[in-house]
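Hello,

Here is the structure we talked about. Please look through it, then read the notes below.

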Amino acid sequence: MIDYKIVKFCRLCKKRFVVHKADAKKNYCDECQPKINKQRD
């Protein structure tokens, strides 16, 4: 099976980032993800 990459846009900062197909549900870039995790706690 081919593992390809998907270009997505962050929901918080609108920055473009690339994820593997396995992480297709990811909605935030690596910089914004910790901010979202803090808000949930």
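Lys 8 sits in strand β1, residues 5-9. Strands here are DSSP runs of E, at least two residues, numbered from the N terminus. The model is predicted: local features need pLDDT of at least 70, side-chain atom pairs count only at pLDDT 80 or more, and totals for chains, interfaces and linings use all residues. Residues are numbered from 1 along each chain as its sequence is written, and side-chain values use heavy atoms, without hydrogens and water.

Lys 8 is buried (under 20% relative accessible area, 1.4 Å probe, protein chains only). Still, Lys 8 has no salt bridge (a side-chain nitrogen of Lys or Arg within 4 Å of a carboxyl oxygen of Asp or Glu). The nearest side chain of opposite charge is Asp 23, 9.9 Å away.

What does the side chain of Lys 8 reach? One partner is the backbone oxygen of Lys 26, at 2.9 Å. The backbone oxygen of Ala 24 lies 2.6 Å from a polar atom of the Lys 8 side chain. Beyond four places in sequence, Lys 8 is also in contact (heavy atoms within 4.5 Å) with residues including Phe 17 and Val 19.

Phe 17 and Val 19 also belong to the largest nonpolar core. Such a core is a set of buried Ala, Val, Leu, Ile, Met, Phe, Trp, Tyr and Cys residues joined through side-chain atoms within 4.5 Å. This one has 7 residues, among them Tyr 28 and Ile 36.

Strand β1 runs antiparallel to β2 (residues 16-20), joined by 5 bridges. Lys 5 stands opposite His 20 in β2. In the β1-β2 hairpin, Lys 14 takes a positive phi near 65 degrees.

Best wishes

Definitions and conventions: Helix = DSSP H or I, 4+ residues; strand = E, 2+ residues; numbered from the N terminus. Buried < 20%, exposed > 50% of the residue type's maximum accessible area, 1.4 Å probe, protein only. Lys, Arg positive; Asp, Glu negative; His and termini not counted. Polar contact = N/O pair within 3.5 Å; in protein donor to acceptor, adjacent residues only side chain to side chain. Pairing = 2+ DSSP bridges.
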